[in-house]
Amino acid sequence: MKPTPNLSDSNSARLKIGISCYPSIGGSGVIATTLGKQLALRGHEVHFIAYERPFRLDLDAANVYFHQVNINDYGLFKYPDYTLPLSVKMADVSRCHGLDILHVHYAVPHATAAILARCMLQPEQQPRVVTTLHGTDTTLLGRDPGYGPAIHHALTQSDAVTAVSAYLKQESEAVLSYKGPIEVIHNFFEPGITTRSRSEVRQELGVGNEVLIIHSSNLRPAKRFDHLLETLARVEDKSSFKLLVLAGGSMAPFMDDIERLGLTNSLVIRQNVLEIEDYLQAADIALYTSESESFCLSILESMFFGCPSVATAVGGIPEVVTDGETGLLVPFGDVPKLAQAVERLIKDVPLRQKLGLAAKQAALSRFTAAGIVPQYEQLYRKLKASSNNPCAPSTH
């Protein structure tokens, strides 16, 4: 039987919250799962709704429930449909468990499914819908004429819209011509307890006195992992570092380039790592060469372990990293400057330590669960207390 913690604030009523997200490895799924776990720890009842269990979700945790969406394989459809079964499951969970809030992460398909689910329900059964934009639902799909109008409609029908950075808010307003309010609530990270020492992890990785550079991502094209490899190929002393890749996607497309650039002996790969803290504590520098980022949660995760970043100054990254104070930022595509920045941190240990300490302090002061989760709770309570008709059309 699951233990049931009490709400820390006895004056706060317990909320029933549904969460839908992409359950696979990726920043939005990580944030949605961590948010749900933190809400459950605060005594709220949290129901995850997805096609599979989010990869960092512990189903034995108190106040946490998972409802799987079954995807059909009817021969009638050339392509399996997920949106309609998801909407039906959302409506079913809302009806059976009396959800107050349905918090969906990514507009497609979760927000569109939530709007449809809400309108399947009687007025007294309808939860308030909160849509959080994470990035490519605006920057990629929002520009697609096959998706943009549906995303705009889903946002106008949501009771609240949030974005994970000011950059993403501005980009969403511009790309989608959305005129309604968007509240910026930054991502956060709550580090788990490490299970091994730094020296034990470095020994496992075969790292001695080299500087350990870490990169953690799903390796999608926007991450520009090709630029990362070219950056490290320009570092003069290849024996001065090792690159650890925590890969949430296939490395196969990059293996030829790794060999061609002479990086084979500098590379350590770990696939689909769930408990990343052990590796984060072992790293000295984080390296991200993305073309586009709405926030870059991976940088924040490294900051919590005093690891400074070299990164491209794109999207929401400057909201996370202050150039010259908590890391080094370089214009996108400038591989020579990226290599210079990496070499500078490899050679200048006092600077690396100074930036790392400042990065950790910035993370602890701005991006903790204690600071961010109450912002969502406040939003939920405001919506629950409102008297608007959820299905009333909006004019945004």
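Student: Does S240 count as buried or exposed, and at what relative accessibility?

Tutor: In this predicted model, S240 lies in the loop between α8 (225-233) and β9 (241-247). Leaving aside residues up to four places away in sequence, S240 touches E210, V211, V235 and I346. Buried means under 20% relative accessible area, and S240 therefore counts as buried, its relative accessibility being 16%.

Student: Which residue forms a salt bridge with K384, and how far apart are the closest N and O atoms?

Tutor: K384 belongs to helix α15 (residues 369-385), and its partner sits in the loop between α2 (83-97) and β4 (101-105), so that the pair, 284 residues apart, links distant parts of the chain. K384 is partly exposed at a relative accessible area of 41%, whereas the partner is buried at 16%. That partner is D100, and the closest N and O atoms are 3.6 Å apart.

Student: Which residues are linked with R196 in a network of salt bridges?

Tutor: One pair to begin with is R196 and E204, whose side chains meet in a salt bridge at 2.6 Å, N to O. R196 is partly exposed, with a relative accessible area of 28%, and E204 also counts as partly exposed, at 31% relative accessibility. The network links R196 with E204, R270 and D278.

Student: How many salt bridges does the count come to?

Tutor: A pair qualifies when a side-chain nitrogen of Lys or Arg is within 4 Å of a carboxyl oxygen of Asp or Glu. D226 and R224 form one such salt bridge, with their closest N and O atoms 3.0 Å apart, and D226 is partly exposed at a relative accessible area of 25%. By this rule, the number of salt bridges is 16.

Methods:
Residues numbered from 1 in each chain as written. Predicted model: local features only at pLDDT ≥ 70, side-chain atom pairs only at ≥ 80, totals over all residues. Heavy atoms only, no water. Helix = DSSP H or I, 4+ residues; strand = E, 2+ residues; numbered from the N terminus. Buried < 20%, exposed > 50% of the residue type's maximum accessible area, 1.4 Å probe, protein only. Contact = heavy atoms within 4.5 Å.
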